Amino acid sequence: MDAKKDLMSEDRRNFIKGSVATAAVLAGGSAPHVWAAGSDAPEKKELRVGLEENRGTHAMARRLGWGDKIPATAGPTAVMAIYAWLRHHGDYERVVESAVLLGGDSVTLGALSGGLAGINLGAKKIPSRWLSR
């Protein structure tokens with residue numbers, strides 16, 4: 001029983017929430033309203049309002065209480081990568097840059113947001129100067 005309890009640490013629960021949110025977005029398609037799928041997290045309402053009000057990623061991170069550097073944990077990282085994708089869903093470069101510039105685990109933010117944008121927009125939308133590095 002104790003081993004099972006250890007498996008459900010707070011970090012693991014946050015990771016599961018983040019992975020479920022990402023899977024819901026991927027399963028739901030590319031429209032910004034798909035965030036609504038599969039979660040009752042308080043962030044969900046805030047993200048909807050942020051999208052409706054056209055808030056930037058830094059403004060949304062501050063609104064969620066994460067200041068100018070989001071925590072380098074799975075939950076906030078997934079939430080903000082998804083938000084960057086939803087906010088700039090037609091522009092691969094803006095999706096990735098707006099996520100990475102949030103701070104925290106910028107490598108994971110870039111990977112998640114870039115993956116979402118790549119699935120949505122296709123590899124041809126990746127800036128060629130990024131591919132030549």
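In which helix is the place of Ser 113? Ser 113 belongs to helix H7, which covers residues 106–121. The legends below refer to a predicted model.

**Figure 1. Overall fold of the predicted model, an all-helix arrangement with eight helices and zero strands.** Read from the N terminus, the order of elements is α-α-α-α-α-α-α-α. The protein has 133 residues, and 34% of them count as buried. Among contacts with a separation of 6 or more, 58% are between residues 24 or more positions apart. The exposed area of the protein is about 7600 Å², of which 55% comes from carbon and sulfur atoms.

**Figure 2. Close-up of Ser 113 in helix H7.** Ser 113 has 0% relative accessibility and is therefore classed as buried, the limit being under 20%. Leaving aside residues up to four places away in sequence, Ser 113 is in contact with Ala 81, Val 95, Val 96 and Ala 99.

**Figure 3. Close-up of the one aromatic pair in the structure.** The pair consists of Tyr 92 and Trp 130, with ring centres 6.0 Å apart and planes at 65 degrees; the arrangement is therefore edge-to-face. An angle over 60 degrees is what this class requires. Tyr 92 is part of helix H6 (residues 92–100) and Trp 130 is part of helix H8 (residues 128–131), so the pair ties together parts 38 residues apart in sequence. The two partners are covered to differing degrees: Tyr 92 is buried, at 11% relative accessible area, whereas Trp 130 is partly exposed, at 24%.

**Figure 4. Close-up of the salt bridge between Arg 129 and Glu 93.** The closest N and O atoms of this pair are 2.2 Å apart. Arg 129 sits in helix H8 and Glu 93 in helix H6, and the pair links distant parts of the chain, 36 residues apart. Arg 129 is partly exposed, with a relative accessible area of 44%. Helices H6 and H8 also hold the two rings of the aromatic pair, Tyr 92 and Trp 130 respectively.

**Figure 5. Close-up of the salt bridge between Arg 63 and Glu 46.** In this pair the closest N and O atoms are 2.7 Å apart. Arg 63 lies in helix H4 and Glu 46 in helix H3, so the contact ties together parts that are 17 residues apart in sequence. Arg 63 is partly exposed, with a relative accessible area of 48%. Glu 46 is also partly exposed, with a value of 22%; the lower limit of that class is 20%.

**Figure 6. Close-up of the loop between helix H3 (42–52) and helix H4 (57–63), with Asn 54.** Asn 54 is a residue other than glycine with a positive phi, near 60 degrees. A salt bridge joins the side chains of Glu 53 and Arg 55, at 2.6 Å from N to O. Glu 53 is partly exposed, at 48% relative accessibility. Arg 55, by contrast, has a relative accessible area of 17% and is therefore buried, the cut-off being under 20%.

**Figure 7. Summary view of the three salt bridges in the model.** Side chains of opposite charge can pair when their charged atoms come close. The pairs shown are Arg 63 with Glu 46, Glu 53 with Arg 55, and Arg 129 with Glu 93. Arg 63 and Glu 46 connect helix H4 to helix H3, while Arg 129 and Glu 93 connect helix H8 to helix H6.

Notes:
Residues numbered from 1 in each chain as written. Predicted model: local features only at pLDDT ≥ 70, side-chain atom pairs only at ≥ 80, totals over all residues. Heavy atoms only, no water. Helix = DSSP H or I, 4+ residues; strand = E, 2+ residues; numbered from the N terminus. Buried < 20%, exposed > 50% of the residue type's maximum accessible area, 1.4 Å probe, protein only. Contact = heavy atoms within 4.5 Å. Areas by Shrake-Rupley, 256 points an atom, 1.4 Å probe, with all protein chains shown as cover. Phe/Tyr/Trp six-rings, centres within 6.5 Å; stacked < 30°, edge-to-face > 60°. Salt bridge = Lys/Arg side-chain N within 4 Å of Asp/Glu carboxyl O.
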